Amino acid sequence: MLIDAEEYQRVLGDELRKLRRSRGWTRKELNQHLQSEISLQTLATYELGTRQCSVVRLVELCVAMDELPQDLLAKVHRRVFVDEPGRVRVDLRKVVADAPADLLSLRRWAEDRLRQAGEHAGEVALDLPALERMAELCELPTVDLIARLRRYASR
């Protein structure tokens, strides 16, 4: 398996930013909780995925935000490698932004899901029964819907 280092770093940064925001902290507030001081610019580059973070620094960031490093890395891994057999991961925001007219039912469902769950529920993992029902609503064979959903993968 090949690792796209840039993609992994970008997703890691995105997960760090989500974690910080879930605490309601600014970068400055996060910095105040760190064991060692780092610049706000460095924190920003970690979150943007434009700068690599050492393992020790990653652990320090996680500890400051009360997150187990392995849990954060598991989230990154799921997004990068899609390790849920039998499920298709879909970014609902991509569906809403791009679904063509023949997938109108899918787009409406995604809009409703986002409205109900808020901004933190941007991605879902659909199992086979959900995919079969969605294919029925879209009047498509399940295999065709799955192929089309790949373009809305949560990466």
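The second largest pocket of this predicted model has a volume of about 230 Å³. Fifteen residues are involved: of the 15 that line the pocket, the closest to its centre are Tyr 8, Leu 12, Cys 53, Leu 58 and Leu 73. Two elements, α1 (5-22) and α4, each give two or more residues to the lining. Which element supplies the largest share? That is α1, with six residues. As for chemical character, the lining of the second largest pocket divides into 10 nonpolar residues, four polar and one charged.

Helix α4 leads us on to the surface. This helix covers residues 55-64, and Val 63 is found in it. Is Val 63 buried or exposed? Its relative accessible area is 58%, and the cut-off for exposed is over 50%, so Val 63 counts as exposed. Together with Val 55 and Val 59, Val 63 forms a nonpolar patch on the surface. The accessible area of these three valines together is about 270 Å².

Allow me to turn to the salt bridges. How many does the structure hold? There are 13 of them, and I shall take three pairs in turn.

The first pair is Lys 75 with Glu 67, where the closest N and O atoms are 3.2 Å apart. Lys 75 is partly exposed, at 30% relative accessibility. Glu 67 has a relative accessible area of 13%, which is under the 20% limit, and therefore Glu 67 is classed as buried.

The second pair is Asp 98 with Arg 151, with 3.0 Å between the closest N and O atoms. Why does this pair tie together separate parts of the chain? Asp 98 lies in helix α6 (residues 92-98), whereas Arg 151 lies in the segment after α9 (142-149), so the salt bridge joins parts that are 53 residues apart in sequence. With a relative accessible area of 36%, Asp 98 is partly exposed, while Arg 151 is exposed at 56%.

The third pair, Arg 115 with Asp 112, has its closest N and O atoms 3.7 Å apart. Both residues lie in helix α7, three residues apart, which is about one turn of the helix. Arg 115 is exposed, with a relative accessible area of 63%, and Asp 112 is partly exposed at 33%. Salt bridges can also share partners: in this way Asp 14, Glu 15, Arg 17 and Lys 18 are joined into one network.

Helix α7 holds a further residue to consider. This helix spans residues 104-117, and Ser 105 has its place there. Ser 105 is partly exposed, with a relative accessible area of 33%. How far apart are the C-alpha atoms of Ser 105 and Met 134? They are separated by 8.0 Å, and the two residues are 29 apart along the chain.

Finally, I come to a loop. Gln 35 sits between α2 (27-33) and α3 (40-48), in the loop that links them. At 79% relative accessibility, Gln 35 is exposed, because the cut-off for that class is over 50%. The C-alpha atoms of Gln 35 and Leu 92 are separated by 37 Å, with their positions 57 residues apart along the chain.

Definitions and conventions:
Residues numbered from 1 in each chain as written. Predicted model: local features only at pLDDT ≥ 70, side-chain atom pairs only at ≥ 80, totals over all residues. Heavy atoms only, no water. Patch = residues over 30% accessible without salt bridge, like charges linked within 9 Å, V, L, I, M, F, W, Y side chains within 5 Å. Areas by Shrake-Rupley, 256 points an atom, 1.4 Å probe, with all protein chains shown as cover. Salt bridge = Lys/Arg side-chain N within 4 Å of Asp/Glu carboxyl O. Helix = DSSP H or I, 4+ residues; strand = E, 2+ residues; numbered from the N terminus. Buried < 20%, exposed > 50% of the residue type's maximum accessible area, 1.4 Å probe, protein only. 1 Å grid on protein atoms, 1.4 Å probe; cavity = no way out; pocket = protein on both sides within 12 Å on 5 of 7 lines; lining within 4 Å. Points joined across faces, edges and corners; volume = space filled by probe spheres on them. Nonpolar A, V, L, I, M, F, W, Y, C, P; charged D, E, K, R; others polar.
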